[in-house]
Amino acid sequence: MNHAPAPRIQLLLVDDHNLFRRGLKALLAQDERFDVTCEAGDIGEALRCLAQQQPDVILLDNHLPGVRGVEGIPALKDAAPRARILMLTVSENADDLAAALQAGADGYLLKTVESDQLAETIVKVLDGESVISPEMLTKLVSAFRTRPQAPVTETAPAPLEPPRAGGPSPDLLSPREREILLLIARGDSNKLIARALDIAETTVKIHVQHILRKLGLSSRVQAAVYATSHRLV
């Protein structure tokens, strides 16, 4: 019995450098999983694209003319509520990363990323994962290490704030889960963790899910911050 091919992942590219955008489009066109349905050089053009069609993933640069990428995320989310937003930028500034995640970005990659890693990240982001370049995750964790602690108030903490002292204890984790948590804080991907511990990548994914559930966290970023705030690294 013949099965219909899986629908292609619809992409919107938002970058003001025409040469880079064309090269990226040509690169993604080589992968049968993707279809670049629209391109834009700024947030305004991107919103016009979204008025015509709804992509699955938006690849968004930060340094755009007029409205910066990070500043445009809320408008893009309003125009395409189901689209996932993956930042693809040259900015290695931890503040830009934190601002992007706070605004609702689903991933943050540097433009130095390898083509195969970019393709796999697009798929992971579409599947609901939050993916950050390992070097940027390390910078984010370092920023939290040096950030002065704000007094505890009645209001809920921001999504990227370290867990408060009264949160779940690291003792809830098994030795293997603690080991994996430390590697997450180091910025390792599931593939690198699997290689380091000589276990299957699917096993790592299950452990990560258990870690997040036990600690009441929602992302690898929060897990990395948790490890740092509890002085596990």
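# Strands, helices and burial in a predicted model

Author: In this predicted model, strand 3, helix 3 (residues 69–79) and strand 4 form a β-α-β unit that is right-handed.

Reader: How do you know that the β-α-β unit of strand 3, helix 3 and strand 4 has the handedness you give it?

Author: The term is applied when, with the strands pointing away from the viewer, the path from the first strand over the helix to the second runs clockwise, and the unit of strand 3, helix 3 and strand 4 is assigned as right-handed on that criterion.

Reader: What makes strand 3 and strand 4 a pair?

Author: A pair needs at least two bridges, and strand 3 (residues 57–60) and strand 4 (residues 84–89) are joined by 4, so they qualify, and they run parallel. Among the matched positions, Leu-59 stands opposite Leu-86, and Ile-58 stands opposite Ile-85.

Reader: Which way do the residues of strand 3 point, and are they buried or exposed?

Author: Val-57 and Leu-59 point to one side of strand 3, Ile-58 and Leu-60 point to the other, and all of them are buried. This fits a general pattern: in a regular strand the side chains alternate between the two faces of the sheet.

Reader: What joins strand 1 to its partner strands?

Author: Strand 1 is joined to strand 3 by 4 bridges, the two running parallel, and Leu-11 has Val-57 as its bridge partner in strand 3. Strand 1 (residues 9–14) is also joined to strand 2 (residues 34–40), here by 6 bridges and again in parallel. Between strand 1 and strand 2 the chain passes through helix 1 (residues 18–29), and this β-α-β crossover is right-handed.

Reader: Why are strand 2 and strand 6 said to stand at the edges?

Author: The sheet is open, has 6 strands in the order 2-1-3-4-5-6, and is paired in parallel. Strand 2 and strand 6 (131–132) each have a single partner strand, so each has one side without a neighbour in the sheet, and that is why they count as edges. Helix 1 packs on this sheet, touching strand 1, strand 2, strand 3 and strand 4, with its direction at about 165° to that of strand 2. Helix 4 (residues 94–103) packs on the sheet as well, in contact with strand 4, strand 5 (107–110) and strand 6, and its direction makes about 150° with that of strand 5.

Reader: Why is Leu-50 called buried?

Author: Leu-50 has a relative accessible area of 5%, which is under the 20% cut-off, so Leu-50 counts as buried. Leu-50 belongs to helix 2 (residues 43–52), and, with neighbours up to four places away in sequence left out, Leu-50 is in contact with Leu-12, Pro-55, Ile-58, Leu-76, Ala-79 and Ala-80.

Reader: Why do Asn-190 and Arg-220 count as buried?

Author: The relative accessibility of Asn-190 is 7% and that of Arg-220 is 16%, both under 20%, and therefore both residues count as buried. Asn-190 lies in helix 8 (residues 190–197), while Arg-220 lies in helix 10 (residues 220–229). Beyond four places in sequence, the contacts of Arg-220 include Asn-190, Ser-130, Ile-184 and Asp-188, and those of Asn-190 include Arg-220, Glu-201 and Val-204.

Reader: Why is Asp-198 called exposed, and what is its phi?

Author: At 69%, the relative accessible area of Asp-198 is over 50%, so this residue is classed as exposed. Asp-198 lies in the loop between helix 8 and helix 9 (201–215), and its phi is positive, about 60°, although Asp-198 is not a glycine. As a general matter, most residues other than glycine have a negative phi.

Reader: What makes Lys-111 a charge that sits over the ring of Phe-20, and how many aromatic pairs does the structure hold?

Author: The charged end of Lys-111 is 4.2 Å from the centre of the Phe-20 ring and sits over that ring; the distance is therefore within the 6 Å limit. The number of aromatic pairs in the structure is 0.

Reader: How many helices and strands are there, and what share of the residues is buried?

Author: The protein chain has 10 helices and 6 strands, and 43% of its 233 residues are buried. Of the contacts between residues at least 6 apart in sequence, 67% join residues at least 24 apart.

Notes: Residues are numbered from 1 along each chain as its sequence is written. This is a predicted model: local features need pLDDT of at least 70, side-chain atom pairs count only at pLDDT 80 or more; totals for chains, interfaces and linings use all residues. Side-chain values use heavy atoms; hydrogens and water are left out. Buried means under 20% relative accessible area, exposed over 50%, partly exposed in between (1.4 Å probe, protein chains only). Contact means heavy atoms within 4.5 Å. Rings of Phe, Tyr and Trp (its six-membered ring) pair if their centres lie within 6.5 Å; planes under 30 degrees apart count as stacked, over 60 as edge-to-face and the rest as tilted. A charge sits over a ring if NZ of Lys or CZ of Arg is within 6 Å of the ring centre and within 35 degrees of the ring normal. Axes are lines fitted to C-alpha atoms, for helices over the stretch in contact, and angles run from 0 to 180 degrees between N-to-C directions.
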